[in-house]
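Biologist: I am new to this structure. Please choose one part, look at it closely, and then lead me outward from there.

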Amino acid sequence: MLGLTVIGGGLAGSEAAYQAACRGVDVTIHEMRPAKLTPAHKSGLLGELVCSNSLRSDLADTAHGLLKAELTMANSLIMEAARATAIPAGSALAVNRDEFAAYITKKLKDHPRIEIVTGEVTQLPAPPTVIATGPLTSDALAAALGKVTGESSLYFYDAIAPIIDADTIDYNIAYYSSRYGKGGDDYLNCPMDETAYNLFYDALTEADSVVARDFEDIKVFEGCMPVEVMALRGRDTLRFGPLRPVGLPHPATGAMMHAVVQLRAENAQRSAFNMVGFQTRLRQPQQQRVFRLIPGLQGAEFLRYGSIHRNTFINSPLYLDRSLRLKLPQVDGSVYVAGQLTGVEGYLESTAMGLLAGIFAALDIFGIPRIEPPADTACGALLAYITTPAKGAGFQPSNINFGLLPPLGKNIRDKSLKKQAIVTRALQSWSGFVAAANR
Ligand SMILES: Cc1cc2nc3c(=O)[nH]c(=O)nc-3n(C[C@H](O)[C@H](O)[C@H](O)COP(=O)(O)OP(=O)(O)OC[C@H]3O[C@@H](n4cnc5c(N)ncnc54)[C@H](O)[C@@H]3O)c2cc1C
């Protein structure tokens, strides 16, 4: 029987390897860390999260909730690790990032059908192969991939948010509360009156003009927009976005603040906090100066500064078939692409494309006829999105959202009932796919 090579032990590669191995395939994972790190990864652990420790909403009637439910039904390793290492985060699913990656690493290391090899892969290995090297694919492999696809990989830029040492936050000013009380005391809030907000806003937009020149040609993904770029859209844009004060009244006075900066715990001990929505490309001294203007953060020490990184993805509608295989005459055999490299955006979206690649590869190896996830499921909708030629502006990465799923075919006016109906339909379709994939 043929073995499967998986390049990249991130979220998608770990999931692909696990799915294939659980179906009886011998898998070798090639991961370049810790011998060679990417600009964002810090460890040699598999499944390391590079930025936020949140896997987004855990509410059943949201698109991210649906994706979680589908992954769980399909025995996803990443979801199993997330549940095992979850920390309180209101209605979101957030994890202790070190425990999360350690869990995934142990599970893969202990699996009798999985071998892990450390080292950078610079050429496409013999098929069957899953390429899951992510948005920070090493230059050599990106060049090799570019050669095969006949065009250089597309890229844009992602920004990550700073992390603050909890001991340096002023708790006389910052207060615990979740928006509208949903989720207890999971967020730490830094309240701003109008004067404090204006002072912060002016410093932020002024600081941005210093770096804007260097980044003129950079394409930034809307879902990960740097806070200073968003601020340039107008003085109040942040107050209606990540700094919106609604549902977070001041505990002492009950008054609604002019703006509120939210901090989310990085771990259960609350020893470090992520600045929600504060992805940034500002230089480090500017981050210190500007973010310390936020009430409660005047003495903040940064455990990690925000930064901006390249994101690589291929033109999937042109190059991938519905089984995530490269459909190019010059590629012999089955080369699957998984994760963010396919043009999905987000931790669990990347995981979903890893899960499908692992299943497809295993079925192909055992000569079992192809199956396709229905388009009315979250995973199927993502697959359809990345493999259908884009209209208009060209192919751009996407998160999961209900807009990707086909309409219901009946008119339900109540928004909440409509979402529930979409979710029910999806889970019914998905259970059929999972049953077929587990044959
Ligand atoms: C800076 C940054 C911040 C992000 N922040 C978020 C966020 O907050 N929330 C969110 O949902 N999504 C975020 N994303 C988007 C994305 O969901 C994650 O990057 C996600 O980890 C992608 O999963 P993946 O498995 O495709 O890639 P990764 O998880 O990055 O895994 C790829 C793996 O391949 C390895 N590798 C690369 N090249 C080679 C090679 N040549 N040989 C061997 N191994 C190689 C890497 O070391 C890495 O371990 C962010 C992306 C970036 C770049």
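**Around L324**

Modeller: Leaving aside residues up to four places away in sequence, L324 touches V335, Y336, V337, T342, M353, L356, A357, F360, L383 and I386 (contact means heavy atoms within 4.5 Å). This is a predicted model, in which local features need pLDDT of at least 70, side-chain atom pairs count only at pLDDT 80 or more, and totals for chains, interfaces and linings use all residues. Residues are numbered from 1 along each chain as its sequence is written, and side-chain values use heavy atoms, without hydrogens or water.

L324 lies in the loop between α9 and β16 (335-337). Helices (H or I, at least four residues) and strands (E, at least two) are DSSP runs, numbered from the N terminus. L324 is buried, at a relative accessible area of 0%. Buried means under 20%, exposed over 50% and partly exposed in between, using a 1.4 Å probe and protein chains only.

L324 touches L383, and helix α11 spans residues 378-387. Follow that helix next. The axes of α11 and helix α2 (residues 63-73) come within 8 Å and cross at roughly 105°. So α2 is roughly perpendicular to α11. Axes are lines fitted to C-alpha atoms, for helices over the stretch in contact, and angles run from 0 to 180 degrees between N-to-C directions. Under 35 degrees is roughly parallel, over 145 roughly antiparallel, 65 to 115 roughly perpendicular, and the rest oblique. From α2, L66, L67 and E70 meet A378, C379 and L382 of α11. That contact has 5 nonpolar, no polar and 1 charged residues. Here Ala, Val, Leu, Ile, Met, Phe, Trp, Tyr, Cys and Pro are nonpolar, Asp, Glu, Lys and Arg are charged, and the others, Gly among them, are polar.

Go back to α9 (316-319). Among the elements that cover the buried residues of helix α5 are β1, β7 (129-131) and α9. Those buried residues, in α5 (residues 139-149), are L141, A142, A144, L145, G146, V148 and T149. G150 follows α5 and has a positive phi, near 75°.

β1 leads on to β2. Strand β1 (residues 4-7) pairs with β2 in the parallel sense over 4 bridges (strands pair if DSSP finds at least two bridges between them). One bridge joins V6 to I29 in β2. Along β2 (residues 27-31), side chains alternate. V27, I29 and E31 point to one face and are buried, while T28 and H30 point to the other and are not.

Past β2 comes R33. The C-alpha atoms of R33 and L324 are 25 Å apart, with their positions 291 residues apart along the chain. The peptide bond from R33 to P34 is cis, with omega near 0°. P34 sits in the loop between β2 and β3 (54-57).

β3 also holds R56. R56 is not a glycine, yet its phi is positive, about 70°. R56 is partly exposed, with a relative accessible area of 44%.
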